[in-house]
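Got the viewer open and a cursor ready? Let's walk through this one stop at a time, selecting as we go.

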Amino acid sequence: MAFLLGLSAEVDILLAAQVVPTLITALISAGAGEIIISRIKNELKLKDILPFYLMVLLSVTIVLGVLYFLFIPAFSSILELEKSKNEIFSFLSLIYLANLIPKVFVSGLRPTLYYLGEYKYYTLSATFSEIFILVTIVLLTPKIGIIGFAYGTLAGSTVNALLYIYRSNIKFSYLFIAEKFQEAKDDLIELIKKAFTVSLNTLLKNGAQLIERTLAVRNLTPGYLSAFNYSKSISELPSSILLDSIVFFLSLIHI
């Protein structure tokens, strides 16, 4: 789409702006939903602990996001961008940092919808969110350029998160009930420990992407990174469709 809209040269900046926020999402939210449904076997108990678990994930995400916000100028200087591109990179980074908030709920609640048997709802809501992203991009990009892609992602993630929250029927009022916290405390600590272990593995797996994209933006002609990213995404698509879904559903067999 970026190519069709004449923005392919700027996609490199977009991808560079995504890399740290994506890494933060992967560290905090990757596997978060699978962890909770693999440990909590009772639906009622799951709904009791879910508000506290999501708030912990959200709090850590916000802290990491704020830390990255403070280091955006330093990271931008490492990329050695021109002044005009540097401003775009900083603004795109802020949008993707804001996108971390809905991403926590999307990543954390997707497996919960599976657990509750809401497969059709998940499919419809995810499809609607993707369509919403495309419509937003088409409407905004002619006016504000590559930034329209970032706004589209933020809008789609927000819609997706709201739909997941609605269907999961999370009782956020539990956050203000001391008795509910005491009941959930032990399981919450165990879940956080497991999530931390997965995060370390994710850091090793995805950390290379940060170096890869940084070197590409600094040393390659504009457009090379986007072309590489596109070809890599296409090559990984079959395994993403088949293997990820199969592994996830196999993990649910013992529940």
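Start by selecting α1, residues 11-29. With 19 residues at 1.5 Å each, α1 should span 27 Å, and its end C-alpha atoms sit 25 Å apart, so the length agrees with expectation. Now run along the axis to Val 19: α1 bends there by about 35°. A proline, Pro 21, follows within four residues of that bend. Switch on a surface for the rest of the chain and α1 mostly goes under cover, with 18 of its 19 residues buried.

Before the next stop, zoom out. This is a predicted model, and its secondary structure comes to nine helices and zero strands. Going along the sequence, the pattern reads α-α-α-α-α-α-α-α-α. The protein has 255 residues, and 42% of them count as buried. If you draw the contacts with a separation of 6 or more, 83% of them are between residues 24 or more positions apart.

Keep Pro 21 highlighted and pick Leu 97, which lies in helix α4, residues 83-98. What does Leu 97 touch, leaving aside its neighbours within four places in sequence? The contacts are Pro 21, Gly 65, Tyr 68, Phe 69 and Ile 72. Pro 21 is the proline that comes after the α1 bend. Put a distance label between the C-alpha atoms of Leu 97 and Tyr 68 and you'll get 8.6 Å, for a pair 29 residues apart in sequence. Leu 97 has a relative accessible area of 12%, which is under the 20% cut-off, so Leu 97 counts as buried.

Next, hop to α8, residues 178-219, and select Leu 191, which has its place in this helix. Is Leu 191 buried or exposed? Its relative accessibility is 0%, so Leu 191 counts as buried. Show what surrounds the side chain: not counting residues up to four places away in sequence, Leu 191 touches Ile 35, Ile 36, Arg 39, Ile 49 and Tyr 53. Leu 191 and Arg 39 are 152 residues apart in sequence, yet their C-alpha atoms are 7.8 Å apart.

Stay with α8 and turn on the pockets. The second largest pocket has a volume of about 210 Å³. Eleven residues line this pocket, and the closest to its centre are Leu 27, Ile 28, Ala 195, Phe 196 and Ser 199. Colour by helix: α1, α3 (43-79) and α8 each supply at least two residues of the lining. Which helix gives the largest share? That is α8, with six residues. Recolour by residue type and the lining divides into ten nonpolar, one polar and no charged.

Now for α6, residues 119-144. Its 26 residues should span 38 Å at 1.5 Å a residue, and the end C-alpha atoms are 36 Å apart, so that agrees too. Scroll to Val 138 to find a kink of about 25°, shortly before the proline Pro 142. Just past the end of α6, check the backbone at Gly 145, where phi is positive at about 75°.

Which residues of α6 are buried? Select Tyr 121, Tyr 122, Ser 125, Ala 126, Ser 129, Ile 133, Thr 136, Ile 137 and Thr 141. The cover over the buried residues of α6 includes α5 (100-115) and α7 (147-168).

For a contrast within α6, click on Phe 128. With a relative accessible area of 44%, Phe 128 is partly exposed. Leaving aside its neighbours within four places in sequence, Phe 128 is in contact with Val 159 and Leu 163. The C-alpha atoms of Phe 128 and Leu 163 are separated by 9.9 Å, with their positions 35 residues apart along the chain.

Follow that over to α7. This helix has 22 residues and reaches 32 Å from its first C-alpha to its last, close to the 32 Å expected at 1.5 Å a residue.

The last stop comes right after α7. Select Asn 169, in the loop between α7 and α8. Phi of Asn 169 is near 55°, a positive value in a residue other than glycine. Asn 169 is partly exposed, with a relative accessible area of 37%.

Definitions and conventions:
Residues are numbered from 1 along each chain as its sequence is written. This is a predicted model: local features need pLDDT of at least 70, side-chain atom pairs count only at pLDDT 80 or more; totals for chains, interfaces and linings use all residues. Side-chain values use heavy atoms; hydrogens and water are left out. The expected span of a helix is 1.5 Å times one less than its number of residues. The bend at a residue is the angle between axes fitted to the seven residues ending there and the seven starting there. Buried means under 20% relative accessible area, exposed over 50%, partly exposed in between (1.4 Å probe, protein chains only). Contact means heavy atoms within 4.5 Å. On a 1 Å grid over the protein atoms alone, a cavity is a set of points where a 1.4 Å probe fits but cannot get out, and a pocket is an open set with protein on both sides within 12 Å along at least five of seven lines; lining residues have an atom within 4 Å of a point. Grid points are joined across faces, edges and corners, and a volume is the space filled by probe spheres set on the points. Ala, Val, Leu, Ile, Met, Phe, Trp, Tyr, Cys and Pro count as nonpolar, Asp, Glu, Lys and Arg as charged, and the others, Gly among them, as polar.
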